[in-house]
Amino acid sequence: MPYSRNSRPPYAWAKKSFGSGVPPARRELAAALQGLCPLLLIVPKGGDAPTHNPTQGEVADRLKMCESALSRALSGKVLPQRGSVEILFEAASADAARQDIEVGVTLADLYRLHARAAAEQKGVVASRLSTGLEAASSQLREAKDENEQLRDANEQLRDAYEELRTEHEELRTQASVKADSLRVLQRKYAVLRRKAASLQEQVSLLEAGSPAVSPDAPAATPLPVPRQAGDRQRTELDAAAARNVARRAETLYDGSRQAHEVLALLRHTTDAYSPAETALLVVLLAEEGQDDLVTDLIHIYGRDKPEGEVLRAALELLRSGAPANAEALLRTAAETRRPNGTR
């Protein structure tokens, strides 16, 4: 905004205050330039004589400068070009000579002030650049550290993924093996169910007085008359009978007995015990690990007992979860009843 010629004292616009951000060397150069402005003789447009109160715009026109550039140079906000400093000094020196006034500063002084302000400005710029560079370097270091952390975390995640993948493969393999085992057990269970059904059918036929039909079975013999006492099914065993079987099991696997004594006890057992009791005794001996006694008892029972009692004992063994012993009992009975082995 141009200043009015009559609103302020002469060259009042040249006496500008300096802000707190103006560095010392530039402030000193600006003060020297402010002192040159009142030496200028400005002839207004359309006038014949110089005015003693020119405006800032008229001075800027005389110096071939932009008014805002002149204002910023005088206030120290910017460092003016060296050529602009020369133009202002030469105009002020020429007008001062016409008025017989000492300039008070030389062009060499202005050059030194300008050089100092320029160096000062470079230092400020360099300081700012250095600060910015340090900040950028710090950010770069932080970014590198963060990148290292992310890379470590990525490695850990990759390792964890590999472990999980390996564990998953192992679980899949185990599941496949278990599935195969389950299928085998299901097939065995189906076979055992068929065998149990077949045995049940044979028992039913024998109890009804009809011979069991089996291509491998020997000729059937009439069933003996059931005993009046002691020939009970396992479902009819009371607590006293179960305790009796347990006591007999303890008696059989007593380690102090001789072999002939144990054999005699086994023969007496097969004579006195029902099929259900005999099956329970086999299970108890097997649970105690008395495999030799189990083998001998099955052999004596399968050899000496009638077919009907053998079949009922085998059925009880199947119901008790001892299919292998049931099969051994039936095999013994079949082998001892073959034509070449008939007593």
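**Exercises on helix packing**

In this predicted model, the crossing of helix 9 and helix 11 is right-handed, a word used when the near helix is turned clockwise from the far one by less than a right angle. Residues are numbered from 1 along each chain as its sequence is written.

**Exercise 1.** Describe how helix 9 and helix 11 are set against each other, and which residues meet.

*Solution.* Start with the axes, which are lines fitted to C-alpha atoms over the stretch in contact, with angles running from 0 to 180 degrees between N-to-C directions. Those of helix 9 (residues 291-304) and helix 11 (residues 323-336) come within 8 Å and cross at roughly 45°. Helix 9 is therefore oblique to helix 11, since angles under 35 degrees count as roughly parallel, over 145 as roughly antiparallel, 65 to 115 as roughly perpendicular and the rest as oblique. Next come the contacts (heavy atoms within 4.5 Å): V294, I298, H299, Y301, G302 and R303 in helix 9 meet N325, A328, L329, T332, A333 and T336 in helix 11.

**Exercise 2.** Work out the arrangement of helix 1 and helix 3, and state which residues of helix 3 are buried.

*Solution.* The axes of helix 1 (residues 24-36) and helix 3 (residues 67-75) come within 7 Å, crossing at roughly 120°, and the two helices are therefore oblique to each other. On the helix 1 side, A30, L33 and Q34 take part, and they meet A73, L74 and S75 of helix 3. In helix 3, the residues L70, A73, L74 and S75 are buried (under 20% relative accessible area, with a 1.4 Å probe and protein chains only), and their cover includes helix 1 and helix 2 (56-62). Just after helix 3, G76 takes a positive phi of about 80°.

Technical notes: This is a predicted model: local features need pLDDT of at least 70, side-chain atom pairs count only at pLDDT 80 or more; totals for chains, interfaces and linings use all residues. Side-chain values use heavy atoms; hydrogens and water are left out. Helices (H or I, at least four residues) and strands (E, at least two) are DSSP runs, numbered from the N terminus. Buried means under 20% relative accessible area, exposed over 50%, partly exposed in between (1.4 Å probe, protein chains only).
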